[in-house]
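Subject: Handover of a structure for your review

Dear colleague,

Please find below the structure that I am handing over to you. The findings follow directly after it, arranged by region.

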Amino acid sequence: MDDVLGHTWEFTTVADEPVGDVPDRARPSLTFDGDGQVYGTGGVNRLRGTWQQDGRTLTFGPVATTLMAGAPEHMERERAVLALLAGPVTIGHDGPELLLTDADGQVSRLLPVLPRDITV
């Protein structure tokens, strides 16, 4: 998990469903802090909660979100992200991808967000 800490991870799939080509603001993401905090976005609303790891099992504590509305397809994806965070997941890697597998065997894939060039 050390390689995951302090990085922002963007979902490329949520529960085996591709995120596809969406605006950056609609792409779900998570950032894991070393103090057991997780924050990010479900694609519409910001979220914040806690996480714990026991071996390859990752469990999220209560997750709070803002309460904004969005496009139906983005809200549906966000519900899937929140469902993923509601139960324990198995953590793994496939190359640079972070894999979160839920109890039903559905896989969510995340890629690290690389620093973007800043133009002044």
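Two strands are said to pair if DSSP finds at least two bridges between them. Please note that this is a predicted model.

Strands β3 to β5

By that criterion, strand β3 (residues 29-32) pairs with strand β4 (residues 37-41); the two are antiparallel and share four bridges. Within this pairing, S29 stands opposite T41 of β4. The two strands form a hairpin with four residues between them. In that turn, G36 has a positive phi of about 85 degrees.

Strand β4 also pairs with strand β5 (residues 46-54), again in the antiparallel sense, over five bridges. T41 takes part here as well, with R46 as its bridge partner in β5. A hairpin is formed by β4 and β5 too, with four residues in between, and G43 in its turn has a positive phi of about 115 degrees.

Strands β1, β9 and β10

Which strands does β10 join? Strand β10 (residues 107-112) runs antiparallel to strand β1 (residues 8-14), to which it is joined by four bridges. One of the bridge partners in this pairing is L110 of β10, which faces F11. Strand β9 (residues 97-101) is likewise antiparallel to β10, and four bridges link the two. Here T101 has V107 of β10 as its bridge partner. The hairpin of β9 and β10 has five residues between the strands; its turn contains G105, whose phi is positive at about 85 degrees.

As general background, side chains in a regular strand alternate between the two faces of the sheet.

Loops and surface

The loop between β1 and β2 (17-18) contains D16. Is D16 buried, partly exposed or exposed? Its relative accessibility is 46%, so D16 counts as partly exposed, given that this class lies between the limits of 20% and 50%. On the surface, D16 gathers with E17, E73 and E76 in a patch of negative charge.

V19, in turn, is found in the loop between β2 and β3. V19 counts as buried because its relative accessibility is 5%, and buried means under 20%. How far apart are the C-alpha atoms of V19 and G92? They are separated by 19 Å, while the two residues are 73 residues apart along the chain.

Yours sincerely

How values were computed: Residues are numbered from 1 along each chain as its sequence is written. This is a predicted model: local features need pLDDT of at least 70, side-chain atom pairs count only at pLDDT 80 or more; totals for chains, interfaces and linings use all residues. Side-chain values use heavy atoms; hydrogens and water are left out. Patches are made of residues with over 30% relative accessible area and no salt bridge: like charges are joined within 9 Å, nonpolar side chains (Val, Leu, Ile, Met, Phe, Trp, Tyr) within 5 Å. Accessible areas come from the Shrake-Rupley method with a 1.4 Å probe; for residues, only the protein chains shown count as cover. A salt bridge is a side-chain nitrogen of Lys or Arg within 4 Å of a carboxyl oxygen of Asp or Glu. Lys and Arg count as positive and Asp and Glu as negative; His and the chain ends are not counted. The place of a charge is taken as NZ of Lys, CZ of Arg, CG of Asp or CD of Glu. Buried means under 20% relative accessible area, exposed over 50%, partly exposed in between (1.4 Å probe, protein chains only).
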